[in-house]
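Visitor: I would like to learn how the labels on a structure are earned. Can you take me through some?

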Amino acid sequence: MASVSDSRFLQQPTQKDAADQNFDYMFKLLIIGNSSVGKTSFLFRYADDSFTPAFVSTVGIDFKVKTVFRNNKRIKLQIWDTAGQERYRTITTAYYRGAMGFLLMYDITNHDSFNAVQDWATQIKTYSWDNAQVILVGNKCDMEDDRLIPTEDSQRLAEELGFQFFEASAKDNINVKQVFERLVDVICEKMNQAMEGDDGALTNHKDPNLQESPMGQTSCAC
């Protein structure tokens, strides 16, 4: 996994991208939320099917690349793991531009991380494009005995924000794959609506730093 330091935070992932151009479309996804909610563990579980209980704070931005098949399309996912600390906020928000989807994560055993969801949602609205899709993820649902955030409260907040909602566990591999698959499907659904002439479903948005597909599109006819 490549780390991006403060001095080079505008680098894009080129190592694997350059080696693998065999895909139909590419989506840029971000995982955001407070520090220690489990963003990195969640990404490692999805991309590598691995988990370590050791906590190592992400410095700036990390990424992984994973290719999935949805609706007969080969879709490459650039998944960015962002640092949750305030001091990295300028770095991480620079990556919101061009992101097609977000996993906004909190820890079900941590009130502060849940209370910060609204602030993170505001950042998405401020720094990303209008039609970026968001899923709210309550991580660490394996720690039911330590739960502080009722599922009902999270569902209510997700409805208020217009987000879909999952509870998940990177440790026990609960809903990890399902969360990413749902985010990809929602992005595809919105793009299909746009292609069918619903201008409100998707604006013409291209990030010059986001590589285009071999077909010259970043959109998906999934």
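Guide: Start with a definition: a salt bridge is a side-chain nitrogen of Lys or Arg within 4 Å of a carboxyl oxygen of Asp or Glu. Keep in mind that this is a predicted model.

Visitor: What makes D185 and R70 a salt bridge?

Guide: Their closest N and O atoms are 2.6 Å apart. The cut-off is 4 Å, so the pair qualifies. D185 lies in helix α7 and R70 in strand β3, so the pair ties together parts 115 residues apart in sequence. Shared partners join R70, K177, E181 and D185 into one network of salt bridges.

Visitor: Why is D185 called buried?

Guide: Buried means under 20% relative accessible area. D185 has 16%, so D185 counts as buried.

Visitor: Why is E181 called partly exposed?

Guide: Partly exposed runs between the 20% and 50% limits. E181 has 23% relative accessibility, so the label fits. E181 also forms a salt bridge with R70, with the closest N and O atoms 3.6 Å apart.

Visitor: How do you know that K64 and D48 form a salt bridge?

Guide: Their closest N and O atoms are 2.8 Å apart, and the limit is 4 Å. K64 sits in strand β3 and D48 in helix α2, 16 residues apart. K64 is buried at 9% relative accessibility, whereas D48 is partly exposed at 39%.

Visitor: Why are α2 and α7 called roughly perpendicular?

Guide: They pack at an angle of about 85°. Angles of 65 to 115 degrees count as roughly perpendicular, so the name applies to α2 and α7.

Definitions and conventions:
Residues numbered from 1 in each chain as written. Predicted model: local features only at pLDDT ≥ 70, side-chain atom pairs only at ≥ 80, totals over all residues. Heavy atoms only, no water. Axes fitted to C-alpha atoms, helices over the stretch in contact; angles between N-to-C directions. Helix = DSSP H or I, 4+ residues; strand = E, 2+ residues; numbered from the N terminus. Parallel < 35°, antiparallel > 145°, perpendicular 65-115°, else oblique. Buried < 20%, exposed > 50% of the residue type's maximum accessible area, 1.4 Å probe, protein only.
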